[in-house]
Amino acid sequence: MLPGVYIAYKKNGTAYYRASVTYRNKHISLGSFHTEEDANLAYREAGRLLQGMPASMEDAFSLPTILSFGKVISLLNFRDNLIYFKNPIYLKNNYFIYYISKSDELKFDIDDLFYYSSHKIMRRKGHLFVSDYGMQINILSRYGIKNYAVAGRDYYFANEDPTDFRYSNIIVVNRYYGVEKISSSSGEHYKVTIHINGNYTVGTYQSEEKAAIAYNKAVDLAKSSGVSKSFQTNYLEQLSPRQYAETYSQIKISEKYINYLKALADAATLSG
């Protein structure tokens, strides 16, 4: 076998070739290849990268290579920072870059390094997600941002860079289902809307927590009126059960919304 290459076999007996390299006592798999020559080429290219040729990230990106793009990033990071990650992560001072492609890079705080070193980020139809316990998890959920949230309304990037996911850069405006922060000359208040057959205003409240509870109460009223739609509800971990119950009982709901629910219930009774 050529240097850095060993043969392996598929379940059907077909042979293929794997390449690996050892650097600073770290054994690194470079991937699988159809021919022994390609596997050896991967081994030689990995050796050149690890020995500092080319020296810069930009130069490495411009060179054609048989190695996968993610593997190039992993090797360069190991060369420069002496830490190996299977995912395409490159460490910077106090943050790291996660490369989805040569032109698609995301910035994260070091606090997220452990998570993203073991969770691959994917992009589909503009959405960034990871696979966790068999589910697709939007990476925005780590910031308390809901799936339905709209950039520029429910959250925004302080430096206007939508690829910068450092915590100081993400400002969450609307944290709860059905709640929208409204700013006017009279100050800030929170509008609550619920969607059944259309959008209905539940009320406007002075605090975000009261608005979140008002939404939950609107959901409960809808269910008690026979609405079978599945609603997400808000969880307010900062309130004790007693505080939540007291606020819930005192919250006022729009008469228009209550009358709408009554009309729905009456219509269901007549049709039944």
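Which residues form one aromatic cluster here? They are Phe96, Tyr98, Phe108, Tyr115, Tyr116, Tyr143, Tyr155, Phe157, Phe165 and Tyr167. Keep in mind that this is a predicted model. Aromatic rings come up a lot below: the count comes to 17 aromatic pairs, and two rings also have a charged side chain over them, Tyr115 with Arg142 and Tyr248 with Lys217.

**Ring pairs**

- A pair of aromatic rings is described by how far apart the centres are and by the angle of the planes.
- Among the 17 aromatic pairs, take Phe61 and Phe69: the ring centres are 5.3 Å apart and the planes sit at 55°, so this pair is tilted. That angle falls short of the over 60 degrees needed for edge-to-face.
- Both of these residues, Phe61 and Phe69, are buried.
- Phe157 and Phe165 have ring centres 5.7 Å apart and planes at 90°, so they make an edge-to-face pair.
- Phe157 and Phe165 are both buried too, and both belong to the aromatic cluster you met at the top.

**Charges over rings**

- Arg142 lies over the face of Tyr115, 3.9 Å from the ring centre. Tyr115 is one of the cluster members.
- Over at Tyr248, the charged end of Lys217 sits over the ring, 5.3 Å from its centre.

**The loop between E2 and E3**

- Strand E2 (15–23) and strand E3 (26–33) are joined by a loop that holds Arg24 and Asn25.
- Most residues other than glycine have a negative phi.
- Arg24 goes the other way, with a positive phi near 50°.
- Asn25 also has a positive phi, about 65°, and isn't a glycine either.
- How exposed or buried are these two? Arg24 has 56% relative accessibility, so it counts as exposed. Asn25 is exposed as well, because its relative accessible area is 80%; the cut-off for exposed is over 50%.

**A nonpolar patch at the surface**

- Met1, Ile7 and Tyr9 make a nonpolar surface patch of about 340 Å².
- Met1 is found in the segment before strand E1 (5–9).
- With a relative accessibility of 60%, Met1 counts as exposed.

Definitions and conventions: Residues numbered from 1 in each chain as written. Predicted model: local features only at pLDDT ≥ 70, side-chain atom pairs only at ≥ 80, totals over all residues. Heavy atoms only, no water. Patch = residues over 30% accessible without salt bridge, like charges linked within 9 Å, V, L, I, M, F, W, Y side chains within 5 Å. Areas by Shrake-Rupley, 256 points an atom, 1.4 Å probe, with all protein chains shown as cover. Salt bridge = Lys/Arg side-chain N within 4 Å of Asp/Glu carboxyl O. Helix = DSSP H or I, 4+ residues; strand = E, 2+ residues; numbered from the N terminus. Buried < 20%, exposed > 50% of the residue type's maximum accessible area, 1.4 Å probe, protein only. Phe/Tyr/Trp six-rings, centres within 6.5 Å; stacked < 30°, edge-to-face > 60°. Lys NZ or Arg CZ within 6 Å of the ring centre and 35° of its normal.
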